[in-house]
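Here's a quick walk through one chain, starting with a single side chain and working outwards. Have the structure open as you read.

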Amino acid sequence: TRIPPPVYALCTAALSGLLNQYAPALRWVPAPWNKAGWVLMVLGMGLDLYSILIFIRSRTTVNPMQPNRASRLVISGVYRMSRNPMYLGMVLLLSGWAWLLGSPIGLLAVWLFARVLVIVQIDPEEIALRDRFGESYVQYCRCVNRWIGRKGRPAADQHETELSR
């Protein structure tokens, strides 16, 4: 892919802001309830930072533009519950922003962001990781959902050890 996912996220945030500014009648979460958006934003940012830290500790690339340079398949920490916690963090961050603005249209922009991200980033990334890690990645995909949640029984400790080599 040519455009980094954070750029898509910034464009989505800007679109939500513009929609909020030019269509204020569409606001549906009044103050002070809109402040709950900060909670989602902090959770999203925390999830992003924690996910990046796991990659750094695993000594593999954090660059989503070059998944073929991944040196390890990371399946520990939050990656036990989501194959894409960094992208999930962006969705939470953008959802919090839309809530803070009080805009249901902003939530529609978040949905659009997630759909575009799947098409332009996640699908190609999954192909590259499958090519790079083979059956280990396929097994991981069978156990962990793309966005959040486990699909079946947790992978055996021995299997996880093999994957992190």
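## Arg83 and its partners

Let's start with a polar atom of the Arg83 side chain, which sits 2.7 Å from the backbone oxygen of Val144. Keep in mind that this is a predicted model. The Arg83 side chain also has a polar contact with the side chain of Glu126, again at 2.7 Å.

Where along the chain does Arg83 lie? Look in the loop that links α2 (37-57) to α3 (85-101). And is Arg83 buried or exposed? Its relative accessible area is 12%, under the 20% cut-off, so Arg83 counts as buried.

Once neighbours within four places in sequence are set aside, the contacts of Arg83 are Glu126, Tyr137, Tyr140, Cys141, Val144, Asn145, Arg146 and Lys151.

## Where α4 meets α5

Glu126, the partner of Arg83 in that side-chain polar contact, turns up again in the packing of two helices, as one of the α4 residues that meet α5. Helix α4 covers residues 104-133 and helix α5 covers residues 135-143. Their axes are 6 Å apart, at an angle of about 130°. That angle falls between the perpendicular range, 65 to 115, and the antiparallel one, over 145, so α4 and α5 are oblique to each other.

Which residues make up this contact? From α4 come Glu126, Leu129, Arg130 and Phe133, and from α5 come Glu135, Ser136, Tyr137 and Val138. Sorted by class, that gives 4 nonpolar, 1 polar and 3 charged residues. Tyr137 is another name to recognise here, since Arg83 is in contact with Tyr137 too.

## Over in α1

Now for a residue in another helix: Leu15 belongs to α1 (residues 5-22). With 36% relative accessibility, which lies between the 20% and 50% cut-offs, Leu15 is classed as partly exposed. Its C-alpha atom is 16 Å from that of Leu92, and 77 residues separate the pair along the chain.

## The chain as a whole

How many helices and strands are there? The count is 6 helices and 0 strands, so reading from the N terminus you get α-α-α-α-α-α. The C-alpha trace measures out at about 55 × 30 × 25 Å along its principal axes.

Of the chain's 165 residues, 40% count as buried. Among contacts with a separation of 6 or more, 76% are between residues 24 or more positions apart. As for the surface, about 9500 Å² is accessible, and carbon and sulfur atoms contribute 65% of that.

Key
Residues numbered from 1 in each chain as written. Predicted model: local features only at pLDDT ≥ 70, side-chain atom pairs only at ≥ 80, totals over all residues. Heavy atoms only, no water. Axes fitted to C-alpha atoms, helices over the stretch in contact; angles between N-to-C directions. Helix = DSSP H or I, 4+ residues; strand = E, 2+ residues; numbered from the N terminus. Parallel < 35°, antiparallel > 145°, perpendicular 65-115°, else oblique. Contact = heavy atoms within 4.5 Å. Nonpolar A, V, L, I, M, F, W, Y, C, P; charged D, E, K, R; others polar. Buried < 20%, exposed > 50% of the residue type's maximum accessible area, 1.4 Å probe, protein only. Areas by Shrake-Rupley, 256 points an atom, 1.4 Å probe, with all protein chains shown as cover. Polar contact = N/O pair within 3.5 Å; in protein donor to acceptor, adjacent residues only side chain to side chain.
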